[in-house]
Amino acid sequence: MNKNKAEKRVVDASVLIHSTSLGDFQYLAPNSVILEIIDSRAKAIVESAIRNNRIRIEDPKEKAIEEVRKKARETGDLESLSDTDVEVIALALEKNAIVISDDYAIQNTASQLGLKIEVGVKDGIKKTIKWTSVCEGCGRTYEKKVGTCEICGSRIRKKPT
Ligand SMILES: [Zn+2]
């Protein structure tokens with residue numbers, strides 16, 4: 001897997017809470033993510049990462065937030081996404097960054113916006129998810145990008161492989 005350290009990464013709260021280390025990367029996060037970290041051990045890790053400029057706090061602009069909401073409405077993920085989740089995706093969209101999250105709705109929306117995704121694992125952030133397009137109706141899989149299923153006309157969802 002190609003791990004380019006120069007690439008920007010936006011991280012969500014659950015990944016920060018469950019990470020015992022942050023790997024060698026630099027991260028971006030909206031304020032709302034930092035505020036969600038209550039656990040004292042996780043808070044200590046995150047605060048020290050902020051002090052060392054490993055995590056930079058930045059909030060996405062309204063335009064990016066709107067674009068994410070619009071896409072999430074299309075994919076049906078909007079009701080599963082918190083305002084913080086939307087900000088995570090919006091910040092990644094604005095910075096053309098990789099999204100790091102274990103949340104399916106975040107992953108799906110980000111992926112549909114053309115963003116790269118990584119999942120968080122306990123010993124640091126490692127895995128990159130690969131996606132296939134699957135019809136919600138008949139289960140047919142597509143290699144190319146299609147809006148709706150050519151067979152049954154149902155919605156296409158991306159699924160991690
Ligand atoms: Zn179908």
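## Helix 6, its glycine and the rest of the fold

Right after helix 6 comes Gly114, and its phi is positive, near 85°. Keep in mind that this is a predicted model. The protein has 6 helices and 9 strands, and its radius of gyration of 16 Å is close to the 15 Å that the globule rule gives for 161 residues, so it is as compact as a globular protein of that length. The domain assignment splits the protein into domain 1 (9–129) and domain 2 (130–161).

**Overall layout**

- Measured out along its principal axes, the C-alpha trace of the protein spans about 55 × 35 × 25 Å.
- The centres of domain 1 and domain 2, taken over C-alpha atoms, sit 26 Å apart.
- Of the 161 residues, 36% count as buried.
- If you look at contacts with a separation of 6 or more, 53% of them come from residues 24 or more positions apart.

**Helix 6**

- Helix 6 covers residues 104–112, and 8 of its 9 residues are buried, so the helix is largely enclosed by the rest of the structure.
- The buried ones are Ala105, Ile106, Gln107, Asn108, Thr109, Ala110, Ser111 and Gln112.

**The nonpolar core**

- The largest nonpolar core holds 36 residues, and the ones with the most contacts inside it are Val10, Val68, Val88, Ile89, Ala90, Ala92 and Val99.
- At least two core residues come from each of these elements: strand 1 (9–11), helix 1 (13–18), strand 2 (27–29), helix 3 (40–51), helix 4 (62–75), helix 5 (83–95), strand 4 (98–100) and helix 6.
- Helix 5 makes the largest contribution to this core, with 7 residues.
- As general background, nonpolar side chains in soluble globular proteins tend to be buried together.
- Leaving aside residues up to four places away in sequence, Val68 touches Val86, Ile89, Ala90, Leu93, Thr109 and Leu113.
- Ile100, over in strand 4, is buried, with 29 other C-beta atoms within 10 Å.
- Ile100 and Ala13 are 87 residues apart in sequence, yet their C-alpha atoms are 9.6 Å apart in space.

**The 8-7-9 sheet**

- Here 3 strands make an open sheet in the order 8-7-9, with antiparallel pairing.
- Strand 8 (141–142) and strand 9 (156–160) are the edges: each has a single partner strand, so one side of each is left without a neighbour in the sheet.
- In general, the strands of a sheet pair through backbone hydrogen bonds, either parallel or antiparallel.
- Strand 7 (residues 131–135) runs antiparallel to strand 8, and 2 bridges join the two.
- On the strand 8 side, Thr141 is the bridge partner of Val134.
- Strand 7 and strand 9 also run antiparallel, this time joined by 5 bridges.
- Thr132 has Lys159 as its bridge partner in strand 9.
- The hairpin of strand 7 and strand 8 has 5 residues between the strands, and Gly139 takes a positive phi near 85° there.

**Trp131**

- Trp131 belongs to strand 7 and has 15 C-beta neighbours inside 10 Å, so it counts as partly exposed.
- From Trp131 to Gly76 it is 55 residues in sequence and 17 Å in space, C-alpha to C-alpha.

**Two asparagines with positive phi**

- Asn53 isn't a glycine, but its phi is positive all the same, at about 60°.
- You'll find Asn53 in the loop between helix 3 and strand 3 (55–57).
- Asn53 has 8 C-beta neighbours inside 10 Å; the limit for exposed is 12 or fewer, so Asn53 counts as exposed.
- Asn96 is another residue other than glycine with a positive phi, near 50°.
- The loop between helix 5 and strand 4 is where Asn96 sits.
- With 11 C-beta neighbours inside 10 Å, Asn96 counts as exposed.

Notes. Residues are numbered from 1 along each chain as its sequence is written. This is a predicted model: local features need pLDDT of at least 70, side-chain atom pairs count only at pLDDT 80 or more; totals for chains, interfaces and linings use all residues. Two strands pair if DSSP finds at least two bridges between them. Helices (H or I, at least four residues) and strands (E, at least two) are DSSP runs, numbered from the N terminus. A residue is buried if 20 or more other C-beta atoms lie within 10 Å of its own, exposed if 12 or fewer, and partly exposed in between; C-beta atoms are placed from the backbone. Domain bounds come from an automatic or database domain assignment. A nonpolar core is a set of buried Ala, Val, Leu, Ile, Met, Phe, Trp, Tyr and Cys residues joined through C-beta atoms within 7 Å. Two residues are in contact if their C-beta atoms, placed from the backbone, lie within 7 Å. The radius of gyration is taken over C-alpha atoms; the globule rule is 2.2 Å times the number of residues to the power 0.38.
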